Amino acid sequence: MALLSPVGSSNSIHAENVNSRSFPYLQWSSTKTKQSLHMDSAGAMYKRRRSAIVAAAPATEEEAAIAKPLTKHDLVDYLASGCKPKEKWRIGTEHEKFGFEFGTLRPMTYEHIAKLLNGIAERFGWEKIMEGNNIVGLKQGKKSITLEAGGQFELSGAPLETLHQTCAEVDSHFYQVKDVAWEMGIGFLGIGFQPKWGLKDMPMMPKARCGIMRNYMPRVGSRGVDVMLRTSTVQVNLDFSSEADMIRKIRAALALQPIATALFANSPFTEGKPNRYLSIRSQFWTDTDNDRTGMLPFVFDDSFGFEKYVDYALGVPMYFIYRNKKYIDCAGMSFRDFMAGKLPCLPGEFPTLSDWENHLTTIFPEVRLKRYLEMRGADCGPRHVLSALPAFWVGLLYDEVSLQNVLDMIADWTPLERQMLRNKVPKNGLKTPFRDGLLKHVAEHVVKFAKDGLKRRGFNETGFLDEVAEVARTGITPAEKLLKMYYQTWGQSVDPVFEELLY
């Protein structure tokens with residue numbers, strides 16, 4: 001990990017220092033931007049409030065001091081505790097984005113990020129999340145702003161009832177971020193993979209867990225560090241009512257995840273050139289760490305349930321544990337050994353439920369089970385995508401008729417077919433051959449299921465899927481539209497994508 005300059009160093013970018021001539025595609029005005037960004041999505045003025053400071057992770061050392069050995073039953077019960085009645089189901093949307101300097105297009109540094117986080121905290125009353133002396137995130141109520149390893153700026157939204165609330169939350173977030181960032185000459189890009197810069201150009205955030213993961217990943221795959229530093233995604237977290245409901249939803253979500261990958265494919269460039277894929281982000285996940293990624297074929301076994309997922313998670317090697325306000329490197333070690341008090345890095349100590357919760361966050365399948373389900377297959381994209389992706393999955397999984405339609409559709413899909421789609425979609429998108437036609441034809445049916453499901457919800461949410469429906473109808477993914485502009489309009493330069501996909 002490179003050493004980072006202190007916050008407030010001379011490397012900080014200010015609006016008056018940006019040379020727009022070096023970036024002819026973007027002309028911007030700090031004054032104009034400030035005038036246009038004066039209200040939140042509800043039309044209410046924001047008040048500047050003093051911020052507070054919270055720790056970067058739960059203080060599990062106190063729990064550990066009094067912990068009794070966990071049993072497998074405890075781990076199963078933890079997952080089962082997520083079950084809730086339908087009236088309490090919520091929508092939790094997360095998205096990442098790349099910050100960049102307007103004048104140079106270079107990735108924003110940690111110094112930029114620290115200044116941005118501090119500015120948002122002071123202006124809008126967020127609590128600061130610190131790791132040592134470094135600010136690494138913000139928290140406000142049930143939502144948070146966090147950093148991925150390469151400085152990807154992530155909003156983890158609150159659990160909300162409707163997609164309109166999700167849309168308003170994202171609008172509010174961008175108002176706050178832009179209010180500070182544009183004064184610094186920083187913009188944000190909605191794309192699935194860093195289109196211009198190489199690994200050597202990417203910053204590394206001063207987060208201990210990122211350092212542990214970066215050191216371990218090259219031992220188990222060739223693209224893990226790329227995934228950490230150069231990818232960006234949008235995902236949605238959804239609830240289930242029971243173990244049986246979880247099983248139906250995770251099977252539907254895993255089978256259809258390649259369709260989501262295709263519909264939202266938006267990462268066709270690497271280091272300034274087309275990379276021969278429509279979603280290089282999705283492709284790189286296939287060579288990251290096979291122990292903790294993939295399509296989870298065991299989910300389709302008759303015996304699958306919470307316990308089988310626990311068995312799977314126990315078999316995934318650990319990354320770290322958190323004690324005494326520090327991350328301890330346990331990369332490659334066994335959580336089963338930890339439960340027996342035989343963890344080499346912490347002999348004689350037993351895990352807490354917080355350790356189990358942390359371990360579950362280090363597993364990266366296409367759909368992840370925690371106390372809710374996470375849909376993980378989509379590239380990040382322009383503003384409408386941040387509402388469209390949750391709309392797609394809410395329409396399919398929160399409506400019983402649509403969910404059953406999906407389960408009927410995929411009932412005879414074989415494990416080989418599901419894996420074939422996972423393997424081929426990153427390159428071929430909706431033009432991937434499937435049975436007697438193309439995946440495009442399946443996607444059209446699936447998007448209709450999703451729209452119908454949203455209509456039955458009764459919240460007037462179907463409009464969030466209009467652009468996705470057009471992608472399915474034409475079979476032309478967002479990535480293919482970018483490639484057309486690259487060859488026909490942009491003079492085979494990726495620089496204009498920073499304006500095209502600017503938030």
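## A tour by selection

A search of the whole structure, which is a predicted model, finds one disulfide.

**Stop 1: the disulfide.** Select Cys330 and Cys345 and show their side chains. These two cysteines form the disulfide, with their sulfur atoms 2.5 Å apart. The angle about the S-S bond is 65°, and the link of Cys330 and Cys345 is right-handed. Now show the backbone around the pair. Cys330 sits in the loop between strand E13 (326-329) and helix H11 (335-339), while Cys345 sits in the loop between H11 and helix H12 (353-360), so the bond ties together parts that are 15 residues apart in sequence.

Is each partner buried or exposed, or does it fall in between? Cys330 has 0% relative accessibility and therefore counts as buried. Cys345, at 23% relative accessibility, counts as partly exposed. The cut-off for buried is under 20% relative accessible area. For another cysteine, select Cys380: its relative accessible area is 0%, so Cys380 is buried.

**Stop 2: Lys325.** Go back along the chain to Lys325, in the loop between E12 and E13. Its phi is near 60°, a positive value in a residue other than glycine. Most residues other than glycine have a negative phi. Lys325 has a relative accessible area of 59% and is therefore exposed.

**Stop 3: helix H6.** Select residues 208-216, which make up helix H6. Which residues of H6 are buried? They are Cys210, Gly211, Ile212, Met213 and Tyr216. To see what lies against these buried residues, add helix H7 (224-230), strand E12 (320-323), E13 and strand E14 (364-365) to the view. E13 was met at the disulfide, where it precedes the loop that holds Cys330.

**Stop 4: Pro258.** Next select residues 243-263, helix H8, and pick out Pro258 within this helix. Pro258 has a relative accessible area of 2%, so this proline is buried. What does Pro258 touch, leaving aside residues up to four places away in sequence? The contacts are Met295, Leu421, Arg422, Val425 and Leu439. Draw a distance from the C-alpha atom of Pro258 to that of Leu439: the separation is 9.4 Å, although the two residues are 181 residues apart along the chain.

**Stop 5: helices H16 and H17.** Leu439 leads to the next selection, since helix H16 covers residues 439-457 and its neighbour here, helix H17, covers residues 466-474. The two pack at an angle of about 155°, with their axes 8 Å apart. Angles over 145 degrees count as roughly antiparallel, and H16 and H17 are therefore roughly antiparallel to each other. The crossing in which H16 passes H17 is left-handed.

Show the side chains where these helices meet. On the H16 side, select Lys440, Ala443, Glu444, Val447 and Lys451. On the H17 side, select Asp466, Val468, Ala469, Ala472, Arg473 and Thr474. Colour the selection by residue type: the contact of H16 with H17 has five nonpolar residues, one polar residue and five charged residues.

**Stop 6: Asn460.** Finish in the loop between H16 and H17 by selecting Asn460. What is the phi of Asn460 near? The value is near 55°, which is positive in a residue other than glycine. Asn460 has a relative accessible area of 66% and is therefore exposed.

Key
Residues numbered from 1 in each chain as written. Predicted model: local features only at pLDDT ≥ 70, side-chain atom pairs only at ≥ 80, totals over all residues. Heavy atoms only, no water. Axes fitted to C-alpha atoms, helices over the stretch in contact; angles between N-to-C directions. Helix = DSSP H or I, 4+ residues; strand = E, 2+ residues; numbered from the N terminus. Parallel < 35°, antiparallel > 145°, perpendicular 65-115°, else oblique. Left-handed = near helix turned anticlockwise from the far one by under 90°. Contact = heavy atoms within 4.5 Å. Nonpolar A, V, L, I, M, F, W, Y, C, P; charged D, E, K, R; others polar. Disulfide = S-S within 2.5 Å. Buried < 20%, exposed > 50% of the residue type's maximum accessible area, 1.4 Å probe, protein only.
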